[in-house]
Amino acid sequence: RRHLAALQLAAGERTSALVQWLRLPEGERKAGDGLDGALVEVLEKLKVRRNEDSLIAAVLAARLGLEGVVTMDDHTADFPVVDEKGYGKAIQAAWNNPANARRKAADAPLRAQVGTAEGVLALYRAYNAPGQGKLVFESDFGAAMEEPSPQHYGRYYLAYWQTRNLRMAAHIVNAMGSVPGQRTLVIVGASHKGYLDGYLNQMHDVAIVDAQRVLQ
């Protein structure tokens, strides 16, 4: 597993490397078999990093006896912008809208309670509630679609976002297809959820389970 962790790190698959590290007994989490002290330090830092990949996905995969985690968001939809300052200014202006104000107002008390288990569950329930996807769209991507700059910066942003989610959906379907009938947990930022629900719901062999059922 130390050797596999080293190979995964070399391939840029850090979360899967962490899965191998976590599957080792505590006494075997040491340098050797391709892992030097610097790589051990990388894995130990990953283990406590405040990130859903490290704290949820890798831990759950190790607990279930899996060999790794599938990376689905590779950011290949990212693109360079000639005038980054102008682009940023236009998108920031688009985000200044009533829907975003409502979203921030609802978010503040939820984030204030994330120090407790019940508070974390309340936040997850809110982010998965009916209507949340529509609010996200109106506050962000829908607002960008109507952004009035002559350069159509908002359309650049929207195209990037839609393409990114389409590629994420494709990676999810590809991962599930290797083991037909398996259950798959997809962990994403809240703004991605509505898009992935919509895209994956079009697949012939995918059944989406409402996250609210899991979070009861």
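**View A. Glu138 and Arg102 form a salt bridge between two helices.** In this predicted model, Glu138 is partly exposed, because its relative accessible area is 32%. Its partner is Arg102, and the N to O distance is 3.6 Å. Arg102 sits in helix α6 and Glu138 in helix α8, so the bridge ties together parts that are 36 residues apart in sequence. Arg102 has a relative accessible area of 46% and is therefore partly exposed. Side chains of opposite charge can pair when their charged atoms come close.

**View B. Asp73 reaches Arg164 in a salt bridge.** The closest N and O atoms of this pair are 2.6 Å apart. Asp73 belongs to the loop between α4 and α5, and Arg164 belongs to helix α9, so the contact ties together parts that are 91 residues apart in sequence. How exposed or buried is Arg164? Arg164 counts as buried, because its relative accessibility is 12% and the limit for buried is under 20%. Asp73, at 24% relative accessible area, is partly exposed.

**View C. Arg125 and Glu118 pair through their side chains.** Their closest N and O atoms lie 2.9 Å apart in this salt bridge. Arg125 has a relative accessible area of 25%, so this residue is partly exposed. Glu118 also has its value: 49% relative accessibility, which counts as partly exposed. How many salt bridges does a search of the whole structure find? The search finds 13. Elsewhere, Arg1, Arg23 and Glu67 are joined in a network of salt bridges.

**View D. Trp161 and Tyr195 make an edge-to-face aromatic pair.** A search of the whole structure gives twelve aromatic pairs. In this one, the ring centres are 6.1 Å apart and the planes meet at 85 degrees, so the arrangement is edge-to-face. Trp161 lies in helix α9 and Tyr195 in helix α10 (residues 190-200). The two residues are 34 residues apart, and their pair links distant parts of the chain. Trp161 is buried, because its relative accessibility is 6%. Tyr195 counts as buried at 15% relative accessibility.

**View E. Eleven named side chains can be followed through one aromatic cluster.** The cluster is formed by Phe79, Tyr87, Trp95, Phe141, Tyr153, Tyr156, Tyr157, Tyr160, Trp161, Tyr195 and Tyr199. Both rings of the edge-to-face pair, Trp161 and Tyr195, are among its members.

**View F. The largest nonpolar core holds 23 residues.** Which members touch the most other members? They are Tyr87, Phe141, Tyr157, Ile172, Leu196 and Leu200. Helices α5, α8, α9 and α10 each supply at least two residues of this core. The greatest contribution is from α9, with nine residues. In soluble globular proteins, nonpolar side chains tend to be buried together.

**View G. The second largest pocket has a volume of about 270 Å³.** Its lining consists of Asn100, Arg103, Lys104, Ala106, Asp107, Leu110, Arg111, Ala126, Tyr127, Gln132, Leu135 and Ala190. The elements that give two or more residues to this lining are α6 (98-111), α7 (117-127) and α8 (132-145). Which element gives the largest share of the lining? Helix α6 does, with seven residues. By class, the lining has six nonpolar, four charged and two polar residues.

**View H. His75 has a positive phi although it is not a glycine.** The angle is about 60 degrees. His75 is placed in the loop between α4 (52-63) and α5 (84-95). Its relative accessibility is 35%, so His75 counts as partly exposed.

**View I. His152 has a positive phi in a residue other than glycine.** Here phi is near 55 degrees. Where is His152 found? His152 is in the loop between α8 and α9 (153-177). At 48% relative accessibility, His152 counts as partly exposed, because exposed begins over 50%.

How values were computed. Residues are numbered from 1 along each chain as its sequence is written. This is a predicted model: local features need pLDDT of at least 70, side-chain atom pairs count only at pLDDT 80 or more; totals for chains, interfaces and linings use all residues. Side-chain values use heavy atoms; hydrogens and water are left out. On a 1 Å grid over the protein atoms alone, a cavity is a set of points where a 1.4 Å probe fits but cannot get out, and a pocket is an open set with protein on both sides within 12 Å along at least five of seven lines; lining residues have an atom within 4 Å of a point. Grid points are joined across faces, edges and corners, and a volume is the space filled by probe spheres set on the points. Helices (H or I, at least four residues) and strands (E, at least two) are DSSP runs, numbered from the N terminus. Ala, Val, Leu, Ile, Met, Phe, Trp, Tyr, Cys and Pro count as nonpolar, Asp, Glu, Lys and Arg as charged, and the others, Gly among them, as polar. Buried means under 20% relative accessible area, exposed over 50%, partly exposed in between (1.4 Å probe, protein chains only). Rings of Phe, Tyr and Trp (its six-membered ring) pair if their centres lie within 6.5 Å; planes under 30 degrees apart count as stacked, over 60 as edge-to-face and the rest as tilted. A salt bridge is a side-chain nitrogen of Lys or Arg within 4 Å of a carboxyl oxygen of Asp or Glu. A nonpolar core is a set of buried Ala, Val, Leu, Ile, Met, Phe, Trp, Tyr and Cys residues joined through side-chain atoms within 4.5 Å.
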